[in-house]
Amino acid sequence: MAVLLLVQAVRLIWLVLTPLGPVGDFRANDVELLSPQSRLTLFSSFDPFSVAMPRKAPMS
C-alpha cells in the first residue's frame, strides 16, 4: 500500500514540475513555401496511387 502511495506522490510531483509550454526563448521557424513552378513539378512527378509498388511474395 505504501508503494502505491509513493508512486502516486511521485506522479503528482512530476505533474507539478513539468512545464506545459516552451522553455526559454523559443521561436518557430518561418514557413518556406515552394514557388508555383516548383510545386507543379513536384506534384506532376508524384503519383500517390502508383501500382508500381513492390508486391509481397504470395504466401504458400
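Q: The expected span of a helix is 1.5 Å times one less than its number of residues; what distance does H1 reach from its first C-alpha to its last?
A: This is a predicted model, in which local features need pLDDT of at least 70, side-chain atom pairs count only at pLDDT 80 or more, and totals for chains, interfaces and linings use all residues. Residues are numbered from 1 along each chain as its sequence is written, and side-chain values use heavy atoms, with hydrogens and water left out. H1, a helix (DSSP run of H or I, at least four residues), has 16 residues, for which 22 Å is expected. The reach of H1 is close to this, at 23 Å.

Q: How many residues of H1 are buried?
A: Buried means under 20% relative accessible area, exposed over 50%, and partly exposed in between (1.4 Å probe, protein chains only). Of the 60 residues of the protein, 0% count as buried. H1 is hardly covered, and its count of buried residues is 0.

Q: What is the area of the nonpolar surface patch that includes Ile13?
A: Ile13 lies in H1, which runs over residues 2–17. Its partners in the patch are Leu12, Leu15, Val16 and Leu17. Such a patch joins nonpolar side chains within 5 Å, from residues with over 30% relative accessible area and no salt bridge. The area is about 570 Å².

Q: Which residue forms a salt bridge with Arg27?
A: A salt bridge needs a side-chain nitrogen of Lys or Arg within 4 Å of a carboxyl oxygen of Asp or Glu, and the count comes to 1. Arg27 is exposed, as is its partner. With the closest N and O atoms 3.6 Å apart, that partner is Asp25.

Q: Is Leu34 buried or exposed, or in between?
A: Leu34 is found in the loop between H1 and helix H2 (36–45). Leu34 touches Arg39 and Leu42 (heavy atoms within 4.5 Å), not counting residues up to four places away in sequence. Because its relative accessibility is 46%, Leu34 counts as partly exposed.

Technical notes:
Patch = residues over 30% accessible without salt bridge, like charges linked within 9 Å, V, L, I, M, F, W, Y side chains within 5 Å. Areas by Shrake-Rupley, 256 points an atom, 1.4 Å probe, with all protein chains shown as cover. Helix = DSSP H or I, 4+ residues; strand = E, 2+ residues; numbered from the N terminus. Expected span 1.5 Å × (residues − 1).
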